[in-house]
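Thank you all for coming. Please have the sequence and the three-dimensional view open while I talk, and stop me if a term is unclear.

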Amino acid sequence: MASVKSIADSPNLTSIPSSFIFATDDSFDDVAADASLQGAEDSIPIIDLSLLINGTPQQRAKVVNELGKACEDWGFFMVVNHGVEEKLMKDLMEICVEFFELKEEEKREYETKHVLDPIRYGTSFNPKMEKAFFWRDYLKIMVHPKFHAPTKPTRFRGILEEYCTSVREMTRELLRGISESLGLEGCFLEKATDLESSLILFAANLYPPCPQPELARGLPSHSDLCLLTILLTNQIAGLQILHHDKWFNVNPIPNSFIINVGDQLEILSNGKYESVLHRAKVNDKATRISIGMAVGPSHETVVGPAPQLVNEDTNNPPMFKSIKYKDYMEIMQSSQLQEKSILDRFRLHL
Ligand SMILES: O=C(O)CCC(=O)C(=O)O
Ligand SMILES: [Fe+2]
């Protein structure tokens, strides 16, 4: 199928192909507020990671507490002073733009075949399964445990490798803090997910300007399959999250990352930290880019509720069946991206 970028680049485009039109009954305009307006009653938590890493024990304990609250109440938060260099974030954004600007036939080399292929380029989410297509092109790369990178643009490999190393370091610290916030040993999540061999999927999303934004969708309401997603955007609005049954816009502050809880953390925390529904809206003015790093357990890890958080005799029974992460990912191959439809298959108590 034609990429969204090639459609958006056609001269004098005033309407979108019918295959991209969604029924308007699930409008993306029913938004309560902007969750990134600081000081507003409902504002997304901002966490200073430098205090988690280098703070005094008291400062660290405070951040752990904030992390726990953020995971439990929002499932989404921003991090600042995270240790990833500003220049690296900027270089990565630039190099992703350069990738999408390559000729179509150069990108087609990576056209998606299987969900576990190391480099995949495509449009929408899973077009074979979809009635209407999403206004989004993507580049997805497995960057860990084995690192992959496209050969073009030539600078891509070096920048991506450095970015991955830096984001992995930050994620390890975050997972320590999150483990502690659950009342578990700091190394719990690292061990339970075999983080040394964790599956990390890099995904760059391109949402070109759309002449009929009200009829199109960037991404539908979904939760992420992984443990945590670390998201970087080019500061163009479009991300919306569901919080206390209302949709909120999230526009990150400069040099921050948006972090969200994924399905695997919901399973491991036995439902305490829920993966949160989010979606992407498109606009008719500017190209929006988001770059996610979906940090998962290793392929072979069987993920189930942490035994310490489960007690059959009290009112804490296990809420989920255990499943191997690789099998969980494979289900995606034959699924549509829809709400929490995959996690829901593994619930034990409704
Ligand atoms: O574009 C965004 O802000 C969100 C992207 C996203 O949810 C995803 O790639 O899973
Ligand atoms: Fe997502």
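I will go through the empty space, then the ligand, and then a few backbone details.

Before that, please keep in mind that this is a predicted model, in which local features need pLDDT of at least 70 and side-chain atom pairs count only at pLDDT 80 or more, while totals for chains, interfaces and linings use all residues. Residues are numbered from 1 along each chain as its sequence is written, chains are lettered from A and ligands numbered from 1 in the order in which they are written, and side-chain values use heavy atoms, with hydrogens and water left out.

Let me start with the empty space. Rolling a probe the size of a water molecule over the atoms shows where empty space is left. On a 1 Å grid over the protein atoms alone, a cavity is a set of points where a 1.4 Å probe fits but cannot get out, whereas a pocket is an open set with protein on both sides within 12 Å along at least five of seven lines, and lining residues have an atom within 4 Å of a point. Points are joined across faces, edges and corners, and a volume is the space filled by probe spheres set on them.

The largest pocket has a volume of about 930 Å³, and its lining consists of 48 residues, with Arg120, Phe125, Arg136, Lys140 and Leu201 nearest the centre. That lining has 25 nonpolar, 13 polar and ten charged residues, where Ala, Val, Leu, Ile, Met, Phe, Trp, Tyr, Cys and Pro count as nonpolar, Asp, Glu, Lys and Arg as charged, and the others, Gly among them, as polar. Strand E13, residues 288-295, gives the most to this lining, with five residues; helices (H or I, at least four residues) and strands (E, at least two) are DSSP runs, numbered from the N terminus.

Where does ligand 1 sit? Ligand 1 sits in the largest pocket, a statement that requires more than half of its atoms to lie within 2 Å of the pocket's grid points. The elements giving two or more residues to the shell around ligand 1 are strand E6 (200-207), strand E7 (219-222) and E13. Among the residues that surround the ligand are Asn205, Tyr207, Asp224 and Ser290, each with a heavy atom within 4 Å of it.

Turning to polar contacts, which here are pairs of N or O atoms within 3.5 Å, a polar side-chain atom of Arg288 lies 2.7 Å from an oxygen atom of ligand 1. For His278 the distance from a side-chain N or O atom to a ligand oxygen is 3.0 Å, and for His222 a polar side-chain atom is 3.1 Å from a ligand oxygen.

As for enclosed space, there are three cavities of 30 Å³ or more, and the largest cavity holds about 60 Å³. Helix H10, residues 341-344, supplies the largest share of its lining, three residues.

Finally, the backbone. The peptide bond from His144 to Pro145 is cis, with omega near 5°, and the bond from Lys152 to Pro153 is also cis, with omega near -15°. Pro145 is found in the loop between strand E5 (137-144) and helix H6 (156-181), and Pro153 is found in the loop between E5 and H6.

Methods. Polar contact = N/O pair within 3.5 Å; in protein donor to acceptor, adjacent residues only side chain to side chain.
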